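Here is a friendly walk through a few local features of one protein model. Take a look at the sequence and structure first, then read on.

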Amino acid sequence: MSIYSILTFIFMISSLAGLWKIFEKAGYKGWMALVPFYNLYIWLRIIKKKFWWYVFLLIPFINVFVILLMVVELAKCFKKYGLLAQALSALFPFIYLPYLGLSKNETLLYPDKRPVIRKTIIREWTDAIIFAVIAATIIRTFLIEAYTIPTSSMESSLLVGDFLFVSKISYGPKIPNTPIAFPFAHHTLPLTESVKSYLEWISLPYYRFPGLGDVKNNDVVVFNYPDGDTVALERQNESYYQIVRDAEMQMKYDYGNSYQEGMGRDAVRKSYHVIARPVDKRENYIKRCVGIAGDSLKIINKQLYINGVKAENPKNMQFQYLVVTDGSAINQKIIDKFGINVEDIRRPQDAPPNSYQFCLTPEIAENFKHFSNVSSITILSDTGSGYGIFPQNQNFKWNRDNFGPIYIPKAGATVPIDTVSIALYRRIIEVYEGNKLRIQGDKVFINDKEAKSYTFKMNYFWMMGDNRHNSADSRYWGYVPEDHVVGKAVFVWLSLDKAKSWLSGKIRWSKLFRFIH
């Protein structure tokens with residue numbers, strides 16, 4: 001039994017015991033507090049609320065907010081009109097309800113028998129603000145939250161400047177790891193660059209409520225950045241681990257035979273402010289889930305294969321193309337017409353003069369062939385040999401266009417491990433699932449015991465951007481654990497082009513109010 005199950009049982013028993021005695025003080029039978037649904041009906045009668053409140057009690061997660069209001073209204077029946085008393089009743093009902101029910105000094109007074117309490121303007125505004133903050137917090141934690149697209153990694157399925165709603169209930173909302181936090185801030189306080197918006201005095205383990213379904217292949221998913229457990233604040237939009245790898249490579253070049261492992265990491269820690277972040281306070285990323293737990297995955301010449309079968313490619317999937325012109329520039333109207341993001345346009349240094357690199361869909365690339373000033377257009381292929389590509393190991397010389405095969409771990413599944421294959425699962429075993437791992441000679445030890453296999457505790461996913469040549473995704477940092485999944489991207493309600501002004505087409509009218517596929 002998990003700690004959440006134990007605490008939930010204790011809180012429920014305590015609250016019901018309090019309601020039993022409160023029902024008796026209100027003139028009802030105490031045992032009515034134990035009857036599911038009926039007890040809520042009696043509770044509403046005690047606090048004199050309309051029946052439509054009961055309808056909201058049947059809506060998942062909205063009912064949490066309604067019950068908090070019912071607790072506060074019940075506290076008022078015991079003449080608890082002060083803001084502090086009402087706050088304590090809402091935050092700790094499993095303590096406050098038993099106190100009200102068992103204390104001989106606390107007498108229940110029905111709402112229609114209470115004197116009219118006139119609130120000051122300050123109190124009214126305070127109540128309204130608290131009400132709004134609590135309501136919004138419950139909605140964004142358990143139901144739906146608004147996000148914006150900051151990069152072009154999902155072009156042209158999702159555009160930089162798209163404002164979208166992410167459903168938490170699709171896969172089940174998860175309990176925040178850091179419940180004490182500044183409202184509506186993610187990891188940093190507003191108007192600051194590095195001040196934490198959360199406290200880690202209370203750190204809760206991972207728990208996810210039941211949702212409407214599970215993560216499926218091709219879902220567009222928002223998740224906490226797996227490589228974001230450690231962050232160099234001055235470069236927090238980059239992978240700390242890649243920054244360290246780059247520094248180590250530079251140190252090898254600079255120091256030659258005098259180089260010692262760890263010099264690059266030490267240099268990074270001296271140059272930047274390096275901090276750790278809990279799972280729920282890591283950067284939010286959005287990608288397409290191309291592989292779910294239990295799948296095998298491989299990329300051959302840019303084509304993705306799942307379980308040995310060609311995967312369905314996203315409709316708007318993009319790759320980099322080299323476009324060579326006759327010397328004239330590509331007309332800005334053409335760029336606007338096809339919605340090409342400025343982040344996806346480059347002037348390569350080692351390419352012929354009058355050439356450009358564009359990230360394009362195959363359909364748009366075909367259109368480019370017919371432009372009179374385009375001499376040639378060629379899709380680019382990655383010929384790298386593994387640097388910066390998962391698992392950053394010399395035994396796996398993959399690149400973004402030719403990758404794998406790999407197995408995407410599933411909870412309960414067991415895989416053989418050795419000193420070579422351990423590179424694929426090391427971060428899972430050590431970081432995500434909290435084991436001690438070391439390699440000694442040709443042997444692998446997990447928690448100081450020799451291991452030739454490993455059984456996974458969680459499900460994992462493989463995320464990739466639709467803009468395949470301009471996306472920092474699982475090909476660079478590996479698997480996404482299930483406890484990092486935030487929700488499903490479902491709907492775009494606004495789309496703004498940051499490169500344009502309000503008077504020159506900033507609002508992309510054709511991209512508003514669209515569902516995400």
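Helices (H or I, at least four residues) and strands (E, at least two) are DSSP runs, numbered from the N terminus. This is a predicted model, in which local features need pLDDT of at least 70, side-chain atom pairs count only at pLDDT 80 or more, and totals for chains, interfaces and linings use all residues. Residues are numbered from 1 along each chain as its sequence is written, and side-chain values use heavy atoms, with hydrogens and water left out.

Let's begin with the backbone. Most residues other than glycine have a negative phi, and most peptide bonds are trans. Here are two cis bonds.

| Cis peptide bond | Omega | Place of the proline |
|---|---|---|
| Phe390 to Pro391 | near 5 degrees | Pro391: loop between β13 (374–379) and β14 (403–407) |
| Gly404 to Pro405 | about 15 degrees | Pro405: strand β14 |

Two asparagines have a positive phi. For Asn218, phi is near 80 degrees, and the residue sits in the loop between β2 (162–167) and β3 (220–224). Asn301 comes in at about 50 degrees, in the loop between β7 (296–300) and β8 (303–306). How open are they? Buried means under 20% relative accessible area, exposed over 50%, and partly exposed in between (1.4 Å probe, protein chains only). So Asn218, at 28%, is partly exposed, while Asn301, at 59%, counts as exposed.

Next, the second largest pocket. A pocket is an open set of points on a 1 Å grid over the protein atoms alone, where a 1.4 Å probe fits, with protein on both sides within 12 Å along at least five of seven lines; lining residues have an atom within 4 Å of a point. This one holds about 1,300 Å³ of space, a volume being the space filled by probe spheres set on the points, which are joined across faces, edges and corners. Its lining has 35 residues, and Pro391, from the cis bond above, is among those nearest the centre, together with Arg245, Glu261, Gln392 and Asn393. The elements giving two or more residues to that lining are α8 (240–255), α9 (263–271), α12 (422–432) and α13 (474–477). Helix α8 has the largest share, with seven residues.

Finally, Ile6 lies in helix α1 (residues 3–25). With a relative accessible area of 40%, Ile6 is partly exposed.
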